[in-house]
Amino acid sequence: MTQPFRLPEFYVPHPARLNPHLDRARVHSKAWAREMEMIEGSGIWDEQTYDSHDYPLLCAYTHPDASAERLELVTDWYVWVFFFDDHFLDVYKRTQDREGAKSYLDRLPAFMPIGDESMPTPANAVERGLADLWTRTVPAMSVAWRERFAEATLHLLQESLWELGNISEKRIPNPVEYVEMRRKVGGAPWSAGLVEFAVAAEVPAAVARTRPLRVLRDTFSDGVHLRNDIFSYQRETEQEGEVNNGVLVVEHFLGCSPQEAADTVNDLLTSRLHQFENTALTELPGLFAEHYLDPAGQADTLRYVQGLQDWQSGGHEWHLRSSRYMNKLAESSLPVPPSAFAGLTRSFTHVPHQAVGHLPLPAIPMPYATRQSPHLHAARRNTLDWAARMGMLSPTPGLLGSGLWTEPLAAGFDFAYCAAMLHWRASGPELDLSSHWLTWGTYGDDYFPLVFGRTRDFAGAKAFTQRMRQFMPLTGPASGVVPANPVELGLADLWARTAITMDDRSRHEFRDAVLGMVDSWRWELLQQSQNRIADPVDYLEMRRFTFGSQLTMSLCRISRSDVVPAEVYQTRPMQALDDSAADYACLTNDLFSYQKEIQYEGELANGVLVIQRFLNCDALTASAITADLMEARLRQFEHLVAEDLPRLFDDQRLSPEARTALLSYADELRDWMAGILRWHQGTTRYDEASLRERYASPKPSIPMPTGLGTSAARLPSLSSFAGPG
C-alpha cells in the first residue's frame, strides 16, 4: 500500500530504554486479556491481532524503570484502553449509535469509586476489565490521585461522543478545538496519571493542578497525540473513515497537501516538546520555592517528569514497530535532526522594536450586529472621573505609580464605549461598573510591565500579584491593607461595589477570574525575560487569561447563578463556547495591536507574531491565517449553540428557565465578540498617528514602588504587555 506522505524527521532527544521485565508482562497480560474475554469471544480481537499490536512492548518502552509487578498492571491498563477504543469504534462509531454509546459510557464511572462505594456487576469485557484494574490499582495511591485519574479516565471515555458527533456530521474540527479535545479523547493525560503509578512517585497534591504541572501534562499529551496522528493517518483516513486526525485537520485548515500537513504537525509536536523542556527548566524551580515543597516532594515531581520523558521516547519507538501504524519507511530519530532546532532558534532570536509599520488588516469575519447602551454618554464622563479618583490620570501624592495615563489618553481609549456594546442591556450604574472594570484591567496591564518588566523583577511581581488577593475578601470588607498604587486602589473600590451583589458561588468564580488575569502577567514577564516567542498552543491558552476573558464572562454569569447549576459551566460544550469566543476576541486584539506591541513596545506576546515564528512566514500571511482561525472559531461557536447545547440541555435535564438562560448567555457572548471588534475599530489606542504622538517624546518620570521588591525607582516611558493590548 502506497503511503500518503513521507514520515518527517521527529524530535526525540532522549533514547528509548526497554524494561527488563517485558517477557513477564507479555505472558501475564495475554492471560489477563483472555480472562476478561477480550481476545476470544469479543468479536474485536483474535490472538494474532493482539500479538501484532504488542501492547506489552509499548509499556516496556514507555515505563523502562517500573517494577515487574507494576509493569504487569500498567500493561493491563493499556490492553484495556486499546480494547475500549477498538470496541467503541466497531460498535458505536461505525454504526453512529449515539444513544447506545451514551448509555454504554454512562455506566463506566460506577466502576471507579473514589471511596468505599460498591460496584455494579460488570456486563461486558470493558466493564469487567475496568472493575478489575481499579480494584488492583487504587490501594497504592492517594485519594487525590484517584480523583485526578478518575477524571482523566472519564474524559477519555465520555468525550468519545465528541469524536462520534464529528464522524456523524463529517465535520473536521479546527486546529485549536482539535488539540484541546484530543487531550481528552486521546488518553495521554490518563497515561500521565499511570506514569505516577509506574514510577511510584505521586505529584504532591499541593502542586498537581498548578500551571507548570498542567503544562507539563498537556505538552506531554500533545506530543503523544500528534505523533500518533502522523503514524495513524493512513489507517484512520483510508480504513476507518476518521475525521479526528491532526494531519487531516491541518490539511483542511491550511488547504495544503498531506505531506505539508504532516510536516506542520511535526513542527507543532516539536514545539510542544520544547515547551515541555522550557517549563521543566524555568518554572518548576520557582514552583517548588513558592509552595515550600520538601525534598521528597521535589524528588517525586522530578521522577514524574523523567517518567513523562521516558514515555515520549518509548512511545515513539513502539510506533516504529507496531503493526497498527504506517511505519514501513520510518527512519531512526537519533541523532536529533537539525530541523528540530530551527523553530527553537526562531523563538529566541526576535529583535525587539522592529519598525514593522502599519499592518493592513485582513477581512475580519463578524456576522453579529452591535447594539449600544443609552447610558453611554454618562458612563464616559463617570469613567474618566473614576479613573482620576483612583490616581490613574495624574500624579497623586502618596500613591506610587500614579499618573500613568492622561485624561485625553484615557478619553481616546474610551472603555465606556466598549462596555456600552458588551453590556448594552445594563442599567446606568451597571454600565459604570463594567466600564470601570475594563479601565482597571487595562491600566493594570500597562502598569505591571512598566514596574516589573524592564528590571525583570520577579520577586516584586510575585509580591504584587499576591497582594491582589488581599483586596478581594470572600467575606466581609478588606481589613488592614492600605492600597499602595492605582491598581490596588481601583481593585479595592471595584471589589467592594461588585462582590456585594453576588452570592458565594459567584464571588468565588469572579475572584478566580480576576486572579487568573493578574497571575498571567507573570507568565508574560517570564517570556519577555527570555526574549522567547511562545509556543502557539501555550500562547492561545494563556492569552485567554491575559486578555481578561474570564473576568468579563463572569460578569455575564452573575445574573444566572440561581438558575443554571454551577457544574453545567464546567461541561465540554460550555467551556468550548467560552474558549471559542475568547480566542476570537484575543486574536482581534492581536491584529489591531500588532504595530503598537511589536514596534513601539518591543512586545513578544502577540498572536500574529507567534504565527509568523511558527510557520516562518511574513506578517501579512500570518495576519490572514489569524483571521482564518478567528472565522473557524466563530463557526465552532455557532455549531456548539446549534448542535451541542440542545444535547447538553437533554443530558443535564435542565429546566426551561436554565435553557433560556444559557441561550441568552450565548447571545451575550455574541454581543461580547461584536462589541470588542467594534471598539478596536473606534478606539485611538491602536491608531498609527496616535501611536507616533504617544511614543515620540519622552514621558515624565513616574515614581514607582520600591517596597514590593522592585528596583525600579523612576522609569521614563510607557510599556504594555498583551492583555487588552
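Trainee: At roughly what angle do the axes of helix 19 and helix 20 cross?

Mentor: Keep in mind that this is a predicted model. Helix 19 covers residues 415-422 and helix 20 covers residues 428-453. Their axes come within 8 Å, and the crossing angle is roughly 125°.

Trainee: Are helix 19 and helix 20 oblique or perpendicular to each other, and why?

Mentor: Roughly perpendicular is kept for angles of 65 to 115 degrees, and over 145 counts as roughly antiparallel. The axes here cross at roughly 125°, which falls in neither range. Helix 19 and helix 20 are therefore oblique.

Trainee: Is that crossing left-handed or right-handed?

Mentor: Handedness goes by which way the near helix is turned from the far one, and clockwise by less than a right angle gives the right-handed kind. For helix 19 and helix 20, the crossing is right-handed.

Trainee: How many nonpolar, polar and charged residues does the contact of helix 19 with helix 20 have?

Mentor: On the helix 19 side you'll find Phe415, Ala416, Cys418, Ala419 and Ala420. They meet Leu431, Ser434, Ser435, Leu438, Thr439 and Thr442 of helix 20. Sort them by class and you get 7 nonpolar, 4 polar and no charged residues.

Trainee: Which residues is Thr383 in contact with, leaving aside its neighbours within four places in sequence?

Mentor: Thr383 sits in helix 17, residues 376-389. At 7% relative accessibility, Thr383 counts as buried, because the cut-off is under 20%. Two of its partners, Ala416 and Thr439, also turn up where helix 19 meets helix 20. The contacts of Thr383 are Ala416, Ser435, His436 and Thr439.

Trainee: What distance separates the C-alpha atoms of Thr383 and Ala411?

Mentor: Along the chain, Thr383 and Ala411 are 28 residues apart. In space, their C-alpha atoms are separated by 9.0 Å.

Trainee: Let's go to another pair. How are helix 9 and helix 11 oriented to each other, and why?

Mentor: Helix 9 is residues 175-186 and helix 11 is residues 211-239, with axes 9 Å apart. The packing angle is about 90°, and 65 to 115 degrees is the range that matters. Helix 9 and helix 11 are therefore roughly perpendicular.

Trainee: How many charged residues does the contact of helix 9 with helix 11 have?

Mentor: From helix 9 come Tyr178, Val179, Arg182, Arg183 and Gly186. Facing them in helix 11 are Asp218, Ser221, Asp222, His225, Asn228 and Asp229. By class there are 2 nonpolar and 4 polar residues, and the charged ones number 5.

Trainee: And helix 24 with helix 26: which residues of helix 26 make the contact?

Mentor: Helix 24 (residues 536-546) and helix 26 (residues 572-592) pack at about 95°, with axes 9 Å apart. They are therefore roughly perpendicular. Helix 24 brings Tyr539, Leu540, Arg543 and Arg544. The helix 26 residues are Asp579, Ala582, Asp583, Cys586, Leu587, Asn589 and Asp590.

Trainee: How do the residues of that contact of helix 24 with helix 26 divide by class?

Mentor: Arg543 and Arg544 on one side, and Asp579, Asp583 and Asp590 on the other, belong to this contact. Arg and Asp both count as charged. The division is 5 nonpolar, 1 polar and 5 charged.

Trainee: Which residues touch the most other members in the largest nonpolar core?

Mentor: That core has 112 residues. Apart from it lies another core, of 103 residues, among them Leu58, Leu105, Ala131 and Leu156. Back in the largest one, the residues you want are Trp437, Trp440, Val514, Met574, Phe637 and Trp672.

Trainee: Is Leu615 buried, partly exposed or exposed?

Mentor: Leu615 belongs to helix 28, residues 607-615. Beyond its neighbours within four places in sequence, Leu615 is in contact with Thr264 and Ile625. Its relative accessible area is 29%, and that lies between the cut-offs of 20% and 50%, so Leu615 is partly exposed.

Trainee: What is the phi of Asn616, roughly?

Mentor: Most residues other than glycine have a negative phi. Asn616 lies in the loop between helix 28 and helix 29, and at 55% relative accessibility it counts as exposed. Asn616 is not a glycine, yet its phi is positive, about 55°.

Trainee: And what is the relative accessible area of Arg653?

Mentor: Arg653 is in the loop between helix 29 and helix 30. Arg653 also has a positive phi, of about 50°. Arg653 is exposed, with a relative accessible area of 74%.

Note on methods
Residues are numbered from 1 along each chain as its sequence is written. This is a predicted model: local features need pLDDT of at least 70, side-chain atom pairs count only at pLDDT 80 or more; totals for chains, interfaces and linings use all residues. Side-chain values use heavy atoms; hydrogens and water are left out. Axes are lines fitted to C-alpha atoms, for helices over the stretch in contact, and angles run from 0 to 180 degrees between N-to-C directions. Helices (H or I, at least four residues) and strands (E, at least two) are DSSP runs, numbered from the N terminus. Angles under 35 degrees count as roughly parallel, over 145 as roughly antiparallel, 65 to 115 as roughly perpendicular and the rest as oblique. Contact means heavy atoms within 4.5 Å. Buried means under 20% relative accessible area, exposed over 50%, partly exposed in between (1.4 Å probe, protein chains only). A nonpolar core is a set of buried Ala, Val, Leu, Ile, Met, Phe, Trp, Tyr and Cys residues joined through side-chain atoms within 4.5 Å.
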